[in-house]
Amino acid sequence: MTCKSNLNRTRRSSMAGLSHAQIVVVMILILGLASVIFSQESLANRAVMGEIRAVSNVKVDGQLSEWRGFSQININSAAQCISGANRWKGSADLSGRIMLAYSASHLYIAGEIRDDKLINDQKGILMWNGDCVQVFIDTDLDGDYDTTVYNADDFSFGISPGTDGKAPEWTIWQPAGKQIGTILGTSLGLVRTSEGYNFELAIPLEHIGLRPTPGKSFGMGIILIDSDEPGVVKSQLANVPANAWRDPTLFAKVTFR
Ligand SMILES: [Ca+2]
Ligand SMILES: [Ca+2]
Ligand SMILES: [Ca+2]
């Protein structure tokens, strides 16, 4: 009994007279501050993909005339080859320019893709076996900055021109089991060009839980896949490391302007 009383006295004196409730509040504040500092440091360490600006006039038809003057994310160098570097024959073989915008209702992703042969006879979630673009989005970047597996706020979409650009379609891989029909309001416009294909993909903000706020960031990554003969993936270029298809911490940072 005496021992316990002494221990309690020692504890009381070491907490400088704070009540139990006050100590709990102080601990919560310290933990909260540490998590904010850690989160901001982590966000600062992310690769930067660029800024995204608001638009009101995107027509989702694969024609990119309304995108003049937008900053472009270039994916066109040997250093960005994440597979098949020895088979990549240069920018006419596979390369791309990506542009981003948002409206009150949608996230827009536009791409100008160079690819000398358009080959993809695979449909839906199998489209990664042929020419396609993979788009990764983490809509809650600072909420789960250290989570290396996809969860409910991490998305991956695919865009395929189909062989010769004749069967354009989009798909969704993540969150796993998400059916295309549940992403109501998503639309794709894609046209064959003399050098490859141009596309515009519009994704409803509401379905991916993205709230445009100036200065706020979300995560994103793009992988371009090239097949120049049926059933053979030849090479891939990306603005993120190869493992981004399964690890959202590798996405780059896009900031709302
Ligand atoms: Ca357009
Ligand atoms: Ca090619
Ligand atoms: Ca190709």
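Strand S3 (residues 81-83) and strand S12 are joined by two bridges and run antiparallel. Within this pairing, Ser83 stands opposite Gln236 of S12. The structure described here is a predicted model, and S12 offers a convenient point of entry into it.

Strand S12 is covered on both faces: Ser235 and Leu237 on one side, and Gln236 and Ala238 on the other, are all buried. Strand S12 also pairs with S11, to which it is joined by four bridges in the antiparallel sense. In that pairing, Ile223 has Ala238 of S12 as its bridge partner.

Ala238 leads in turn to the nonpolar interior. The largest nonpolar core comprises 57 residues, and those that touch the most other members are Phe157, Ile159, Leu201, Met220, Ile222, Leu224 and Ala238. Strand S11 (residues 217-226) gives the most to this core, contributing six residues. The contacts of Met220 may be listed in full: leaving aside residues up to four places away in sequence, Met220 touches Met49, Phe136, Ile137, Phe251, Ala252 and Val254.

Two other residues named among the core members with the most contacts, Phe157 and Ile159, direct attention to strand S7. Why is S7 (residues 154-160) described as largely enclosed by the rest of the structure? Seven of its seven residues are buried, so the strand is largely enclosed. The burial extends to both faces of S7, with Asp154, Ser156, Gly158 and Ser160 on one side and Phe155, Phe157 and Ile159 on the other.

Strand S7 has antiparallel pairings with S6 and with S8. Six bridges join S7 to strand S6 (residues 132-138), and these two strands run antiparallel. Here Ile137 stands opposite Phe155 of S7; Ile137 is also one of the residues touched by Met220. With strand S8 (residues 169-174), S7 forms an antiparallel pairing over five bridges, in which Gly158 has Thr171 of S8 as its bridge partner.

The loops that follow S7 and S8 hold two backbone features. Asp164 lies in the loop between S7 and S8, and its phi is near 60°, a positive value in a residue other than glycine. Asp164 counts as exposed because it has 12 C-beta neighbours inside 10 Å. Further along, Pro175 is found in the loop between S8 and strand S9 (187-192). The peptide bond from Gln174 to Pro175 is cis, with omega near 0°.

Another proline, Pro241, returns the reader to S12, as Pro241 is found in the loop between strand S12 (235-238) and strand S13 (252-256). Pro241 has 16 other C-beta atoms within 10 Å and is therefore partly exposed. Pro241 and Gln80 are 161 residues apart in sequence, yet their C-alpha atoms are 8.4 Å apart in space. Leaving aside residues up to four places away in sequence, Pro241 touches Ile82 and Leu250.

A final position to consider is Leu107, which is placed in strand S5 (residues 106-114). Is Leu107 buried or exposed? Leu107 counts as buried because 25 C-beta neighbours lie inside 10 Å. Its contacts, not counting residues up to four places away in sequence, are Tyr102, Ile203, Leu205 and Leu210. Leu107 and Pro212 are 105 residues apart in sequence and 9.3 Å apart in space, C-alpha to C-alpha.

How values were computed
Residues numbered from 1 in each chain as written. Chains lettered and ligands numbered in written order. Predicted model: local features only at pLDDT ≥ 70, side-chain atom pairs only at ≥ 80, totals over all residues. Core = buried A, V, L, I, M, F, W, Y, C linked by C-beta atoms within 7 Å. Buried ≥ 20, exposed ≤ 12 C-beta atoms within 10 Å, placed from the backbone. Contact = placed C-beta atoms within 7 Å. Pairing = 2+ DSSP bridges.
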